[in-house]
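Biologist: I would like to go through this model with you slowly, asking at each step what justifies the words we use for it. Could you show it first?

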Amino acid sequence: MSKDIRLMAEARDKNLTTALKLSERFYDMSVDVMSGLRDLKDCMYNQELPGLDPEAIKEQQAELAGFKKELEKARELVGECRQIGHDLSNVCGQSGAIEIQKQMEDLSHMTDEVNDKIRDRGDELRGAFQHADHFKKLVDIFQQHSNSQLIQSINSWLPQAEHQLALMKQPSPDPNTLQRQIEELKMSIE
């Protein structure tokens, strides 16, 4: 009987030692991954607004690509945590498994938040790049046209616009008169 007790105690000791090692690995890894994800999330929230020219936006997109790589590394570590958590759940029982599941859900939620923020930033930068590129093309077209033609057309239009604006009365406090004045202004602009 003492031999059976000793064998059972040794088996229990072995199970507890295994559980301790797995729990330390799981805890350390999950804390590190969560910390990394929080740092990445903070970096995403602290990004500057998209640049005004295509080159600045390209730099920001390159920086975003680095963040995507960091997220992929974090996802791999989350997968490792999940495997360690699964092994630990098998050793520690139902009450421990609930805590492990909660920790894994927190990691998954944080990973999804960071992924969403990176996706939104990518969309924001793509839109800004399209607008900046379009603006640059318009500037190039503007610069290709003769500046003297442009100045002549502005000089012929500007005195007429000034004269029309000078003839207009001050805005009226009466809503009906004000509405008529707005219509007159619209007609003069066209």
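Modeller: Let us start with Lys102, which has a relative accessible area of 45%, and please keep in mind that the model is a predicted one.

Biologist: Why is Lys102 called partly exposed?

Modeller: Buried is kept for values under 20% and exposed for values over 50%, and since Lys102 has 45% relative accessibility, it falls in between and therefore counts as partly exposed. Asp106, with a relative accessible area of 31%, is partly exposed by the same reasoning.

Biologist: What makes the contact of Lys102 with Asp106 a salt bridge?

Modeller: The side chains of Lys102 and Asp106 meet with N and O 3.4 Å apart, and because the cut-off for such a nitrogen and a carboxyl oxygen is within 4 Å, the pair counts as a salt bridge. As for their place, Lys102 and Asp106 are four residues apart in helix α3, which spans residues 94–144, so about one helical turn separates them.

Biologist: How do you know that Arg126 and Asp123 form a salt bridge?

Modeller: The closest N and O atoms of Arg126 and Asp123 are 2.4 Å apart, and as the limit is 4 Å, the pair therefore qualifies. Both residues lie in helix α3, three residues apart, about one turn of the helix. Arg126 has a relative accessible area of 44% and is partly exposed, while Asp123, at 40%, also counts as partly exposed.

Biologist: What makes Arg75 and Glu72 a salt bridge, and in which helix do they lie?

Modeller: Their side chains meet at 3.2 Å, N to O, and because this is within 4 Å, the name salt bridge applies. Arg75 and Glu72 both lie in helix α2, where they are three residues apart, about one turn of the helix. Arg75, at 32% relative accessibility, counts as partly exposed, and Glu72 is partly exposed as well, with 42%.

Biologist: How many salt bridges does a search of the whole structure find?

Modeller: The search finds ten salt bridges. Elsewhere, Asp116, Arg119 and Asp120 are linked in a network of salt bridges.

Biologist: Let us turn to the helices. Why is α1 called roughly antiparallel to α2?

Modeller: Two packed helices are described by the angle between their axes and the distance between the axes. Here the axes of helix α1 (residues 2–45) and helix α2 (residues 54–92) come within 9 Å and cross at roughly 160 degrees. Angles over 145 degrees count as roughly antiparallel, and therefore α1 is roughly antiparallel to α2. The crossing in which α1 passes α2 is left-handed, and by class the contact of α1 with α2 has 19 nonpolar, five polar and four charged residues.

Biologist: What makes Leu37 count as buried?

Modeller: Leu37, which has its place in helix α1, has 0% relative accessibility, and because buried means under 20%, the word applies. Between the C-alpha atoms of Leu37 and Lys68 there are 12 Å in space, and the two are 31 residues apart in sequence.

Biologist: Which label does Arg6 receive, buried or partly exposed?

Modeller: Arg6, which is found in helix α1, has a relative accessible area of 45%, and since this lies between 20% and 50%, Arg6 is partly exposed. The C-alpha atoms of Arg6 and Lys117 are separated by 56 Å, with their positions 111 residues apart along the chain.

Biologist: How do you know that Cys81 and Cys92 are not joined by a disulfide?

Modeller: A disulfide is a covalent bond between the sulfur atoms of two cysteines. The sulfur of Cys81 has its closest cysteine sulfur in Cys92, 15 Å away, and because the cut-off is 2.5 Å, this is too far for a bond. Cys92 is in no disulfide, and the count of disulfides comes to zero.

Biologist: Why are Cys81 and Cys92 given unlike labels for accessibility, buried for one and partly exposed for the other?

Modeller: Cys81 has a relative accessible area of 0%, which is under 20%, so Cys81 is buried. Cys92, at 32%, lies between 20% and 50%, and therefore counts as partly exposed.

Conventions. Residues numbered from 1 in each chain as written. Predicted model: local features only at pLDDT ≥ 70, side-chain atom pairs only at ≥ 80, totals over all residues. Heavy atoms only, no water. Axes fitted to C-alpha atoms, helices over the stretch in contact; angles between N-to-C directions. Helix = DSSP H or I, 4+ residues; strand = E, 2+ residues; numbered from the N terminus. Parallel < 35°, antiparallel > 145°, perpendicular 65-115°, else oblique. Left-handed = near helix turned anticlockwise from the far one by under 90°. Nonpolar A, V, L, I, M, F, W, Y, C, P; charged D, E, K, R; others polar. Buried < 20%, exposed > 50% of the residue type's maximum accessible area, 1.4 Å probe, protein only.
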